[in-house]
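The following report walks through one molecular model, with the sequence and the coordinates to be kept open alongside the text.

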Amino acid sequence: MAVQISPSILSADFARLADEAAAVSNADWLHVDVMDNHFVPNLTIGLPVVEALRKAAGTPLDCHLMIEDPDRWAPAYAEAGAGSVTIHVEAAKAPVRTLRQIRSAGARAGLALNPATAIEPYADLLGEIDMLLLMTVEPGFGGQRFLDVVLPKVRRTRELITAHGGQVWLQVDGGVSAETIERCAEAGADVFVAGSAVYGADDPARAVDALRALAEGAAG
Ligand code: DX5
Ligand code: ZN
């Protein structure tokens, strides 16, 4: 289980996205939060920005779609060259079909669950996905406080993944920082999204290294 860090550009300077991407070239992924003001009460960026960023950034894009109707839009993000495309179970109407379309377009397929959504009903979908994303805040905004209430679900999800063969990555997103990342890693997460903890730091690249070292130290 290798630790991976995915800085969220939601906390970056949107007027200088290429520079902000380059500032974390030591990260494994660049996390792109797509919000539509319907699934979540916030509006961010969409396909044209993802297409532009893919050309400008040297780091693969980890697109997190917080949108209604991901079945309609997700394949286009994979076709636009995102390395990973994650849809929410609360929004998808045909998740199996959409996840398969993401994979056939050449991207890794991710499934995201809000803090109050249980993992158990989706256990049979582990074979359809490359990553499971557990939200550790209610989605919509950066800089929120980490929800410890999600940690037992992180543990249960890791057990399910191990029983399934261990190929699926387990991502946590929301409030991940130097204060909380060790708890997430101990519970079994291996991919860590961090927005304010990276882009709010004086030196974002050093923040990435520091988070990675803490997670590696705590991982089982
Ligand atoms: C929240 C987004 C997160 C957000 C995380 O809805 O999905 O990716 O950028 O920001 P921090 O790390 O500041 O909680
Ligand atoms: Zn996100």
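## Serine 84 and its surroundings

In which strand is the place of serine 84? In this predicted model, serine 84 belongs to strand 4, which covers residues 84-88. With a relative accessibility of 3%, serine 84 counts as buried, because the limit for that class is under 20% relative accessible area. Leaving aside residues up to four places away in sequence, serine 84 is in contact with Trp29, Leu61, Asp62, Cys63, Ala107, Arg108 and Met131.

Glycine 106 offers a contrast in its setting, since this residue is found in the loop between helix 4 and strand 5 and counts as exposed at 65% relative accessibility. Although glycine 106 and serine 84 are 22 residues apart along the chain, their C-alpha atoms are separated by 8.9 Å.

## The sheet

Strand 4 is part of an open sheet of 8 strands, arranged in the order 1-8-7-6-5-4-3-2 with parallel pairing. Strand 1 (4-7) and strand 2 stand at the edges with a single partner strand each, so one side of each is left without a neighbour in the sheet. From one strand to the next, the twist averages 25°.

Two of the pairings can be followed at the level of individual residues. Strand 1 pairs with strand 8 in the parallel sense over 4 bridges, and here isoleucine 5 stands opposite phenylalanine 192 in strand 8. Strand 4 and strand 5, which also run parallel, are joined by 5 bridges, and isoleucine 87 is placed opposite leucine 111 in strand 5. Strand 5 itself is mostly covered, with 5 of its 6 residues buried.

## Helices across the sheet

Helix 3, made up of residues 70-79, lies across strand 2, strand 3 (61-66) and strand 4, and runs at about 170° to strand 4. Helix 4 lies across strand 4 and strand 5, and its direction makes an angle of about 145° with strand 5. Strand 4 is therefore crossed by helix 3 as well as by helix 4, while the angles are taken between N-to-C directions.

## The zinc site

The zinc ion (ligand 2) is coordinated by His31 through NE2, by His64 through ND1, and by Asp33 and Asp173 through OD atoms, at distances of 2.1 to 2.3 Å. Along the chain, these donors follow the spacing H-x1-D-x30-H-x108-D. The site of the zinc ion (ligand 2) has 6 donor atoms with angles of 71 to 171° among them, and is octahedral. For comparison, ideal angles at a metal are 90 or 180 degrees for six octahedral donors.

Two of the coordinating residues show how the site bridges the sequence. Histidine 31 lies in strand 2 (residues 30-35) and aspartate 173 in strand 7 (residues 169-173), so this pair ties together parts of the chain that are 142 residues apart in sequence. Histidine 31 and aspartate 173 are both buried.

## Salt bridges

The count of salt bridges in the model comes to 9. One of them joins aspartate 130 to arginine 103, with 3.1 Å between the closest N and O atoms. This pair links distant parts of the chain, as aspartate 130 lies in the loop between strand 5 (108-113) and strand 6 (131-135), whereas arginine 103 lies in helix 4 (residues 95-104), 27 residues apart. Aspartate 130 counts as buried at 17% relative accessibility, whereas arginine 103, with a relative accessible area of 31%, is partly exposed.

A further salt bridge is formed by arginine 183 and aspartate 148, whose closest N and O atoms are 2.5 Å apart. Arginine 183 lies in helix 6 (residues 181-187) and aspartate 148 in the loop between strand 6 and helix 5 (151-164), so the pair ties together parts that are 35 residues apart in sequence. Both partners are partly exposed, arginine 183 with a relative accessible area of 30% and aspartate 148 at 37% relative accessibility. Arginine 158 forms a salt bridge with aspartate 190, the closest N and O atoms being separated by 3.4 Å; arginine 158 lies in helix 5 and aspartate 190 in the loop between helix 6 and strand 8 (191-194), so parts that are 32 residues apart in sequence are tied together. Arginine 158 and aspartate 190 are both buried. Elsewhere, Asp13, Arg16, Asp19 and Glu20 are joined into one network by salt bridges that share partners.

Technical notes
Residues numbered from 1 in each chain as written. Chains lettered and ligands numbered in written order. Predicted model: local features only at pLDDT ≥ 70, side-chain atom pairs only at ≥ 80, totals over all residues. Heavy atoms only, no water. Donors = N, O, S within 2.8 Å, 3.2 Å for Na, K, Ca; no water. Tetrahedral: all angles 85-135°; square planar, octahedral: opposite > 155°, others 65-115°. Helix = DSSP H or I, 4+ residues; strand = E, 2+ residues; numbered from the N terminus. Buried < 20%, exposed > 50% of the residue type's maximum accessible area, 1.4 Å probe, protein only. Salt bridge = Lys/Arg side-chain N within 4 Å of Asp/Glu carboxyl O. Contact = heavy atoms within 4.5 Å. Pairing = 2+ DSSP bridges. Axes fitted to C-alpha atoms, helices over the stretch in contact; angles between N-to-C directions.
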